[in-house]
Every structure is written in C-alpha cells, then in structure tokens.
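Work through the exercises below with the sequence and the model open. Each task is followed by a solution in steps.

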Amino acid sequence: MDCQTALQHLINRYAQQPERLSKQVRLEQALRQAVTQEWPNQTRLPSHRQLAVALGIARNTLSLAVATLIEEGLLTTFHGSGTWSHKAPPPAVFSSASNVQLSKRAQSVLRWPGASTVQSGAFVPGIPDIAQFPMRKWRQLYASVTVPQNALLLSYSTGGYGPLKRAIRDFLARWRNISCDTEQIIITDGTHNGIELCAVALADVGDTVAMESPCYWGARNVFTAAGLEIEPVAWLPGQGHSLPPAPGPVKLAYLTGSHHYPLSVPTSAIDKQHLCDALAPAYIVEDDYEFNRDDHPNLLFDPHSERHLLVGSFSKMMFPGLRLGYLVVPRHLAGPMNRLRSELFREGRMLDQAVLAQFIFDGDLDAWCRRIQRDYLGRQQVLHDQLRSLPQVRSVSPPSSAISLCVEFEPPVNDVQIAQTLLKEHLIVRPLSPVCAKHDPRVGLVMGVGMLSGETLVREAQRLRRCLEVLLR
C-alpha cells in the first residue's frame, strides 16, 4: 500500500471519531483502527509533516499519538527510514492440554466472555459520559484531602470510610426513598465486588442462584466463578417471569433493580415479588445498576427485611475507573459481612472514598445526575427514532435516562454475527442472545449512549441505521 492510500484511510478514520474527544485521542483511535483493520503489515506512514497538515493537527499532538501507538506495539520507527505499521502475530492456539490448567469454573466464565478489549467508540455499552464529567472539581477535591494531616487516608479502611457511608445513606434517601442505617452500608470496589461478597458470604459451592434472562453477564460470571449453579428465569416485560418446571431449593435470587439491564426497560416490583414467592430464596440480591430519581417504586428491596440486599455502583453514574460501590445488607449481616470483606479483600482506597464523600456532600453528585440523565434521555430519543422502523425489529426500548438501549430483532436474526460485523465499522454493540437462557430465544443488540452526543450522535446513529438496513435484509 502506498503512502497516499494510507493517508486517505487515516483521514477517513480520523473524521469518524467523536468530535468531543481531544485531537490526540481521536488520532490514536484512528491509527489503531487503520493498523488493525485496513493497513497491511509494514505499511509506511506518510511523513509527520504531511500527516499534520492533512489532519489539521499540531506536530506535537501527532508525536504524542504516534508515541502511544509505538508503546502499544502497533507502530515501529527507525531513524532515517520513517514510521511503519506493525501487526502483532496471531495469539498462539493453546492445546487442550494447556486448557486443563484452568479450573472448570474459569473455563465456564471464559466460554462466553463479556468484557471487551474495546472500551471506546460509537455506542459502546456500559460506559457513561466521561467527557463531560466535572473532572476539575474532582481534582480539586483530591488536592484538598491529600494534606499531611490526612495521612491516615493512606492506610486500610476497615469497614469503609465513615463520612462516605453517611453520604451514601443520605443519597439513597433522596434518590431511592430508602431509609437505612450507616451500619448496613458496606463500601465495595464496584458492583462485581459486592456481588462476589454476597456469593461467598451467603452461598456454598453447588448452591443455586436464580437469575433473570436476559441477565447481566458480569453477575453471571461472578456466580459461576464462585461455583454456584445458575437457574435462569425468563422475564418478559408486562408478562412476568416464566418459572422453570420444577425448581429446586434456591439459595440466592439475583434480580435487576428499578431499570432492567440489558433490556433497558422499567422493572416490576410485583413481578419480582411473585418470583420470590414461588422460589422462596434464602436471600434476595437486587442490583440497582441503572436508575433515575422517580423509578424507586420498581425496587423490591426492603432495608428492614432480614433477607434483602441491595448492590449499587458509582461507576455508571460517574466514570468506570472509579470502581467504588456499596452494598446495603440486613442489620444482622452487617458485622459478619464487613469482617469477611476485610479478611478476603482488605479495604483500601481511602483517598477515593474521601473525595467521593465530599463530592456527594457538596451536592455535585446530585447536580451531575440530574444534568446527565436529561442528556441521556435526549440521546436515547435520537437513537430510538433511527432504529424503530428498521426491518426485522421487534421492539426498541423506550427512551429513558439510562445509558443503555436495547433493540430486539425477530428470530432467527444472528445478533452475534451482526455485532461482529458492526465492530469492523467501529460501531461497538453487544449481542443480546449470549445473555439469554437456552429456552429464551430473544435476539437483539445492546448499545450505549454515553460516548456520543450532539451532531456526532446524529451522524453515527444514521450510519448505524444504514449498516443495519443492509445486515437485516
């Protein structure tokens, strides 16, 4: 491939990146896509001067982006001979003898991996709007707590940071209409950590956990890794749960909170109560993955019950890298589960907890949630309008203030193949069928609205529609 062709590929890829990203990030993503998807190995790049002029960027910005790709092994440079693309050799294929080194539980988790190596791009699900987050205020709070008098914030946080527990207690009262004591709140390292603590503390290997279908893949992986047997129960909005023929004893029931993920529709406390009445689980774990201020009646959680637990996370409200969440447990479990968490995971991250506590006390989290949820509602409306009239579409989740949207297709559309094809166009979506039970034939795509806004969202939504029109014929 000649330099001019390579340059044109790069210009096209650069133009497709969200405009709200910095020029350096846009160029890094464009280079990754060109190297991995278009350019043959050892394609020579045009000179830095040509690239800077063609893309309208500063030479320093270009140098920083190229340096990042060199560190990642996707570009190589030789003094006097330019910069070249470099594709890593395909990963080695491990023999079956190598696979047995992993436990059966690990192999079960890896059979349907849900965590993608691609965490940016149009419609990537599960990622909130990190570009508009008030990072300046966040940095100021870090500076205010990292003073010599706060040296204890560098130690372990046995039981969690007290002020953060109080801040979460008040936040739950305002947004979820939940009245609980601070002693019932356990600070976790995100949702997965909270679910894992529930699995280890409340169930033994071989016990059964009932999960809705479709399910949140992350929770399914955590329960599988803990050695629990999963009993899928299909949930159809407006129709309730479809119980298995003869369910055995159920130790845990894992349910979505007020807004279902991945279907992205409001849940029903009545449906959940009917399911729990039928299965009679020892404990009910509700995951409040996505929510808004007015949907708390959909929660089944009761802070005064002896068998209800609520899992929550700030990663979907704020930014994924925060990895802080909470677990609200019955009073009689608070002490034992706090001690168990200390023995297994060793609490830390006191600086992060102190900053988050002040962020909530100052009213910044409330203001951010109100603002960004209004934005998400408008973005979902744009995407909903583009997708609802496509061929083979059974339904599109109604616009909401959540970051996710789900489009369901008429079977037997191959949603896995469609998602893989869209990935080549840098349209990042997740197929629905892998998180459905075997007896649940639903197919579709799960996508997010956190990474796109404004004209970029409109343009990418139109591009997604055009691609799906071809794929669904």
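The buried residues of helix H12 are covered by parts of the structure that include helix H8 (162-175), strand E3 (185-188), helix H9 (191-202), strand E8 (283-287), strand E9 (308-313) and strand E10 (325-328). The model is a predicted one.

**Exercise 1. Describe helix H12: its span, its buried residues and what follows the helix.**

Step 1. H12 covers residues 331-345, which is 15 residues. From first C-alpha to last, the helix reaches 21 Å, close to the 21 Å expected at 1.5 Å a residue.

Step 2. The buried residues in H12 are Leu333, Ala334, Met337, Asn338, Arg341 and Ser342. Among the elements that cover them are strands E8 and E9.

Step 3. Just after H12 comes Arg346, with a positive phi of about 55°.

**Exercise 2. Place strand E8 among its neighbours and decide whether the strand is enclosed or open.**

Step 1. Count the buried residues. Five of the five residues of E8 are buried, so the strand is largely enclosed by the rest of the structure.

Step 2. Sort them by face. In a regular strand, side chains alternate between the two faces of the sheet. In E8, Tyr283, Val285 and Asp287 are on one side, Ile284 and Glu286 are on the other, and both faces are covered.

Step 3. Find the pairing on each side. Strand E7 (residues 252-256) pairs with E8 in the parallel sense over five bridges, and Tyr254 stands opposite Val285. The chain gets from E7 to E8 through helix H11 (residues 269-279), in a right-handed β-α-β crossover. E8 also pairs with E9, again in the parallel sense, over four bridges.

**Exercise 3. What surrounds Glu286?**

Step 1. Glu286 belongs to strand E8. Its relative accessibility is 1%, and buried means under 20%, so Glu286 counts as buried.

Step 2. Its bridge partner in E9 is Leu310.

Step 3. Leaving aside neighbours within four places in sequence, Glu286 is in contact with residues including Leu255, Thr256, Gly257, Lys272, Asn298 and Phe301. Leu300 is also a contact, and the Glu286 side chain reaches the backbone nitrogen of Leu300 at 2.9 Å.

Step 4. Val328 is 42 residues from Glu286 in sequence, and the two C-alpha atoms are 9.9 Å apart in space.

**Exercise 4. How many disulfides are there, and why do Cys215 and Cys436 not form one?**

Step 1. A search of the whole structure finds zero disulfides.

Step 2. The closest cysteine sulfur to that of Cys215 is in Cys436, at 8.0 Å. A disulfide needs the two sulfur atoms within 2.5 Å, so this pair is too far apart for a bond.

Step 3. Check the surroundings. Cys215 is buried, with a relative accessible area of 9%. Cys436 also counts as buried, at 12%.

**Exercise 5. In what order do the strands of the open sheet containing E11 lie, and which are the edge strands?**

Step 1. Four strands form this sheet, in the order E11-E12-E14-E13, with antiparallel pairing.

Step 2. Strand E11 (393-396) and strand E13 (430-431) are the edge strands, as each pairs on one side only.

Step 3. E13 pairs with strand E14 (residues 443-448) over two bridges in the antiparallel sense. Arg430 has Val446 as its bridge partner in E14.

**Exercise 6. Where are the cis peptide bonds before Pro214 and Pro412, and where are the positive phi values of Gln42 and Ser264?**

Step 1. Recall the background. Most residues other than glycine have a negative phi, and most peptide bonds are trans.

Step 2. Locate the cis bonds. The bond from Ser213 to Pro214 is cis, with omega near 0°, and Pro214 lies in the loop between strand E4 (208-213) and helix H10 (217-225). The bond from Pro411 to Pro412 is cis too, with omega near 10°, and Pro412 lies in the loop between strand E12 (404-409) and helix H15 (415-424).

Step 3. Locate the positive phi values. Gln42 has a phi of about 65° and lies in the loop between helix H2 (23-38) and helix H3 (48-55). Ser264 has a phi near 60° and lies in the loop between E7 and H11.

Step 4. Compare their exposure. Gln42 is partly exposed, at 38% relative accessible area, whereas Ser264 counts as buried, at 1% relative accessibility.

Technical notes:
Residues numbered from 1 in each chain as written. Predicted model: local features only at pLDDT ≥ 70, side-chain atom pairs only at ≥ 80, totals over all residues. Heavy atoms only, no water. Expected span 1.5 Å × (residues − 1). Buried < 20%, exposed > 50% of the residue type's maximum accessible area, 1.4 Å probe, protein only. Contact = heavy atoms within 4.5 Å. Pairing = 2+ DSSP bridges. Right-handed = clockwise from strand over helix to strand, strands pointing away. Polar contact = N/O pair within 3.5 Å; in protein donor to acceptor, adjacent residues only side chain to side chain.
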